[in-house]
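User: Please teach me how to read this model, one feature at a time.

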Amino acid sequence: MHTEQIRKLLEQKGIRKTRIREAMLALFFDKGYALSHADVENFLPDEFDRVTIYRTLKSFEEQGLLHKVPDEKGIMRFALCPESCTHHQHSDSHLHFFCKQCEHTYCLHISLPEPALPAGFHAESFEWLAQGICKNCLNEV
Ligand SMILES: [Zn+2]
Ligand SMILES: [Zn+2]
Ligand SMILES: [Zn+2]
């Protein structure tokens, strides 16, 4: 469990501790890969209904705790943000890695070069998505 980590995180962001918030963050820490609304619903106990889950995901995104993860299949997924993200100010230009075997998406916090764009183009964000086999799946072979 990541109880202490979660308590600190909520405190840092000035978010009141509730059962759903704690349970949801614990889930993201435990899994270590991006989760869709349906995943969260499946993994969390039945006491939390889908509306509460939806609202919590949305508010976590607004508060800089979770960010949206690009997905080629168009399924909306979320993952934990790095510490540099704050309320309404995400800085998530890290690499996302999609594993073709387990179909999980991981955040890889490595530094990436910012591409130089042609004159006249101003990018507000970049999405980096790599595909291949993750280390968990490689180890299973
Ligand atoms: Zn973020
Ligand atoms: Zn994998
Ligand atoms: Zn990410």
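User: Let's begin with Glu-103: in which loop does it lie?

Analyst: Glu-103 lies in the loop between β4 and β5. Helices (H or I, at least four residues) and strands (E, at least two) are DSSP runs numbered from the N terminus. Before going on, note that this is a predicted model, in which local features need pLDDT of at least 70 and side-chain atom pairs count only at pLDDT 80 or more, while totals for chains, interfaces and linings use all residues. Residues are numbered from 1 along each chain as its sequence is written, chains are lettered from A and ligands numbered from 1 in the order in which they are written, and side-chain values use heavy atoms, with hydrogens and water left out.

User: What is the phi of Glu-103, and is the residue buried or partly exposed?

Analyst: Its phi is positive, about 60°, although Glu-103 is not a glycine. Burial is read from relative accessible area: under 20% is buried, over 50% exposed, and in between partly exposed (1.4 Å probe, protein chains only). Glu-103 has 40%, so it is partly exposed.

User: That loop also holds a metal donor. Which residues are the protein donors of the zinc ion (ligand 2)?

Analyst: A donor is an N, O or S atom within 2.8 Å of the metal (3.2 Å for Na, K and Ca), and sites may look incomplete because water is not among the atoms. For the zinc ion (ligand 2), the SG atoms of Cys-99, Cys-102, Cys-134 and Cys-137 are the protein donors, lying 2.3 Å from the ion. Along the chain, these donors follow the spacing C-x2-C-x31-C-x2-C. Distant parts of the chain are linked here: Cys-102 is in the loop between β4 (95-99) and β5 (105-108), and Cys-137, 35 residues apart from it, is in helix α5 (residues 135-140). Cys-102 is partly exposed at 24% relative accessibility, whereas Cys-137 is buried at 5%.

User: What geometry does the site of the zinc ion (ligand 2) have?

Analyst: Four donors count as tetrahedral if all angles lie between 85 and 135 degrees. The angles among the four donor atoms of the zinc ion (ligand 2) are 103 to 115°, and the site is tetrahedral.

User: Which donors does the zinc ion (ligand 3) have?

Analyst: The zinc ion (ligand 3) has NE2 of His-67, His-94 and His-96 together with SG of Cys-107, lying 2.0 to 2.2 Å from it. Their spacing along the chain is H-x26-H-x1-H-x10-C. This site is tetrahedral too, with angles of 104 to 113° among its four donor atoms. His-94 is buried at 5% relative accessibility, and His-96 is buried at 3%.

User: Which residues does Thr-105 touch?

Analyst: Contact means heavy atoms within 4.5 Å. Not counting residues up to four places away in sequence, Thr-105 touches residues including Tyr-33, Val-69, Arg-77, the zinc donor His-96, and Phe-98. Thr-105 is in strand β5 and is buried, with a relative accessible area of 2%. Phe-98 lies in strand β4 and is likewise buried, at 7%. Among the residues that Phe-98 touches are Glu-103, Thr-105, Leu-129 and Gln-131. Phe-98 and Gln-131 are 33 residues apart in sequence, with 4.7 Å between their C-alpha atoms.

User: How do helices α2 and α4 pack?

Analyst: Axes are lines fitted to C-alpha atoms, for helices over the stretch in contact, and angles run from 0 to 180 degrees between N-to-C directions. Helix α2 (residues 19-31) and helix α4 (residues 50-62) pack at about 70°, with their axes 11 Å apart. They are therefore roughly perpendicular (65 to 115 degrees). In this contact, Ile-20, Arg-21, Met-24, Leu-25 and Phe-28 of α2 meet Thr-52, Ile-53, Thr-56, Leu-57 and Phe-60 of α4. The contact residues divide into seven nonpolar, two polar and one charged; Ala, Val, Leu, Ile, Met, Phe, Trp, Tyr, Cys and Pro count as nonpolar, Asp, Glu, Lys and Arg as charged, and the others, Gly among them, as polar.

Note on methods:
Parallel < 35°, antiparallel > 145°, perpendicular 65-115°, else oblique. Tetrahedral: all angles 85-135°; square planar, octahedral: opposite > 155°, others 65-115°.
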